[in-house]
Every structure is written in C-alpha cells, then in structure tokens.
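Student: I have a structure open in my viewer and would like to learn how to read it. Could you take me through it feature by feature?

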Amino acid sequence: MTASDPAADVAWPPAPIRTARLVLRASEARDRAAFVELLASPEVGTFVGGAQPRAELERTMPEVPGRRTGFFAVELDGATIGMTTLDVRDPARPGHIRPERGEHELGYMFLPRAWGRGYATEACAAALAWFAATHPGEPVLLTAQTANTRSVRVAAKLGFTEAARFHEYGAEQWRGVWTPPRH
Ligand SMILES: CC(C)(COP(=O)(O)OP(=O)(O)OC[C@H]1O[C@@H](n2cnc3c(N)ncnc32)[C@H](O)[C@@H]1OP(=O)(O)O)[C@@H](O)C(=O)NCCC(=O)NCCS
C-alpha cells in the first residue's frame, strides 16, 4: 500500500474468495515454493522480464511472499497455481490515463501446467469484482507486451479495452483499461 493509493483504508485481507473452481486468498508461507517456481520459470518469464535465478529466489523471497493489499494467491484443489495483483502503478512510469492520482493495475501469473483451462480469467474476474466493491467507480489499468497474446486474450475476456500502445523495456506494450460495471 502506498501513500498515493486512493483507497488506502481498504480492509485487508478479505475472507477467501471462492469461484466455481478456485480460491483467492491473501498469501501464506505455503505459497512460497509455487512462487519460486513461477518466478524461476523461463516460460512464465517470456514477456515479463525473464526468469530469475532459482537460488537467488530461494535466498531472498520472504517467508510469506506477496504480503500486501490486492495480492491474491490462487489455489486449485488446495494447491497454489498462481497469483493476481492489484497494485498502484508507479506514477513515474509511462502510460497513465490519470497521472494526477494513484491508478491501480492488474497483474497475473500462473504456473504453465495451469494454463489453457480458463483459470487465469476466472481468478482475475474475481479479483476485479473484489476491487469494484472496495474501490467503487475506480478504473483498472493493465499492461502487457503486445506480443504476449495469451495475456492480451485474458484482458479482452475480462472486458479491458485498448487505450494505448507505448514502448517500455524495449518492447511494444498494450495498455488496456477496465471500468467497473454500473449498477
Ligand atoms: C497470461 C496467462 C495468465 C494466460 O493464461 P491462460 O491459461 O492462457 O488464460 P486463461 O485462464 O484465460 O485460459 C484460456 C484458455 O483456457 C481454455 N479453456 C479450457 N477450459 C476452459 C474453461 N472451462 N473456461 C474457460 N476457458 C477454458 C480457453 O479455450 C483458452 O485457451 P486458448 O488460449 O487456447 O484459447 C499465462 O500465460 C501466464 O501466466 N503467463 C506468464 C505470466 C504473464 O505473462 N503474465 C501476464 C503479464 S501482462
């Protein structure tokens, strides 16, 4: 949580969120091995800066990784398969739509063995529903390399629409925006 978070008083953690097949919950020590596997995976790292050395991850990852507001570990049948995040985007980075205030950005990462089953989209939809309830009226940004077609497909299924394309980290980035449903 940063000072620029427009909803810095959001209660965290919420009760675990159950979807048809998954559970989203605040991270715990038992997620550590799966998160090391995620960040050490060359396949996962293809469009997000590459794999990190496993030995370094084992040494530096906190006992309970990802302990922050908006960070959900995603569980399938009791096993951790990935994570979804809703973080405030660094105002110094390019691609804001409202740079004068904190803007949240959705992130997601799943173990390759869990790809191709709709789990990422299902988990992100639940995270966005939590966000819409706790940050009423706030839009959400999403950035993916244009070449990360799996990720751009997830974004489109969630209802993100293209707002911009820009260059960062030596690659073209797709910027999507999601606006909460009106009731
Ligand atoms: C991006 C990422 C999360 C996408 O995962 P994914 O499994 O492709 O996404 P989904 O959960 O939406 O699954 C979609 C696939 O499941 C299939 N599927 C199978 N059963 C399904 C079901 N019951 N419901 C929905 N979809 C189902 C869909 O047909 C689709 O297949 P397709 O991609 O061949 O069309 C994953 O590739 C990843 O973790 N990548 C590494 C990290 C990364 O790049 N993160 C994004 C940074 S911007």
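Tutor: Gladly! Let us begin with a term: helices (H or I, at least four residues) and strands (E, at least two) are DSSP runs, numbered from the N terminus. With that numbering, Pro13 falls in the segment before β1. Please keep in mind that this is a predicted model.

Student: How many helices and strands does the chain have, and in what order do they run?

Tutor: The chain has 5 helices and 8 strands. Starting at the N terminus, the order is β-β-α-α-α-β-β-β-α-β-α-β-β.

Student: How do I read the overall form of the chain?

Tutor: A good start is to set the radius of gyration beside the value from the globule rule. Here the radius is 16 Å, close to the 16 Å that the rule gives for 183 residues, so the chain is as compact as a globular protein of that length. Along the principal axes, the C-alpha atoms fill a box of roughly 40 × 40 × 35 Å. Of the 183 residues, 49% are buried. Contacts tell you about the fold as well: among those with a separation of 6 or more, 66% are between residues 24 or more positions apart.

Student: And what about the surface and the charges?

Tutor: The accessible surface comes to about 9,400 Å², and carbon and sulfur atoms account for 53% of it. The chain has 21 positive and 21 negative charges, and the mean positions of the two sets are 4 Å apart.

Student: Now the aromatic residues. What makes two rings a pair, and how many pairs are there?

Tutor: Ring centres must lie within 6.5 Å, and planes over 60 degrees apart count as edge-to-face. A search of the whole structure gives 4 aromatic pairs. Take Trp12 and Phe72: their ring centres are 5.1 Å apart and their planes stand at 65°, so this pair is edge-to-face. Trp12 is in the segment before β1 (17–18) and Phe72 in strand β3 (residues 71–76), so the pair ties together parts that are 60 residues apart in sequence.

Student: Are those two residues buried or exposed?

Tutor: Trp12 has 24% relative accessibility and counts as partly exposed, while Phe72, at 0%, counts as buried. Trp12 also pairs with Trp130: the centres are 5.4 Å apart and the planes at 75°, so this pair too is edge-to-face. Trp130 belongs to helix α4 (residues 119–134), so its pairing with Trp12 ties together parts that are 118 residues apart in sequence. Trp130 itself is buried, at 10% relative accessibility. Trp12, Phe72 and Trp130 form one aromatic cluster.

Student: Is there anything to see in the backbone at Trp12?

Tutor: Yes, look at the peptide bond. A cis peptide bond joins Trp12 to Pro13, with omega about 0°.

Student: Which residues that are not glycine have a positive phi?

Tutor: Asp77 is one of them, with phi near 50°. Asp77 sits in the loop between β3 and β4 and is exposed, at 76% relative accessibility. Tyr169 also has a positive phi, about 55°. Tyr169 lies in the loop between β7 (161–168) and β8 (171–178) and counts as exposed, at 66%.

Student: How should I read a helix?

Tutor: An α-helix has 3.6 residues a turn, so residues three or four places apart point the same way. In α1, the buried residues are Arg32, Ala34, Phe35, Val36, Leu38 and Ala40. The buried residues of this helix pack against α2, α3 (54–60), β3, β4 (79–88) and β5 (104–110).

Student: Which residues does Ala40 contact beyond its neighbours in sequence?

Tutor: Leaving aside residues within four places in sequence, Ala40 is in contact with Ala51, Gln52, Arg54 and Leu57. Ala40 is part of helix α1 (residues 32–40) and is buried, at 14% relative accessibility. From C-alpha to C-alpha, Ala40 and Glu56 are 9.5 Å apart in space and 16 residues apart in sequence.

Student: What does Glu43 touch?

Tutor: Not counting residues up to four places away in sequence, Glu43 touches Pro112 and Trp115. Glu43 is in helix α2 (residues 42–45) and counts as partly exposed, at 47% relative accessibility. Glu43 and Leu111 are 68 residues apart in sequence, yet 8.9 Å apart in space, C-alpha to C-alpha.

Definitions and conventions. Residues numbered from 1 in each chain as written. Predicted model: local features only at pLDDT ≥ 70, side-chain atom pairs only at ≥ 80, totals over all residues. Heavy atoms only, no water. Phe/Tyr/Trp six-rings, centres within 6.5 Å; stacked < 30°, edge-to-face > 60°. Buried < 20%, exposed > 50% of the residue type's maximum accessible area, 1.4 Å probe, protein only. Rg over C-alpha atoms; globule rule 2.2 N^0.38 Å. Contact = heavy atoms within 4.5 Å. Areas by Shrake-Rupley, 256 points an atom, 1.4 Å probe, with all protein chains shown as cover. Lys, Arg positive; Asp, Glu negative; His and termini not counted. Charge placed at Lys NZ, Arg CZ, Asp CG, Glu CD.
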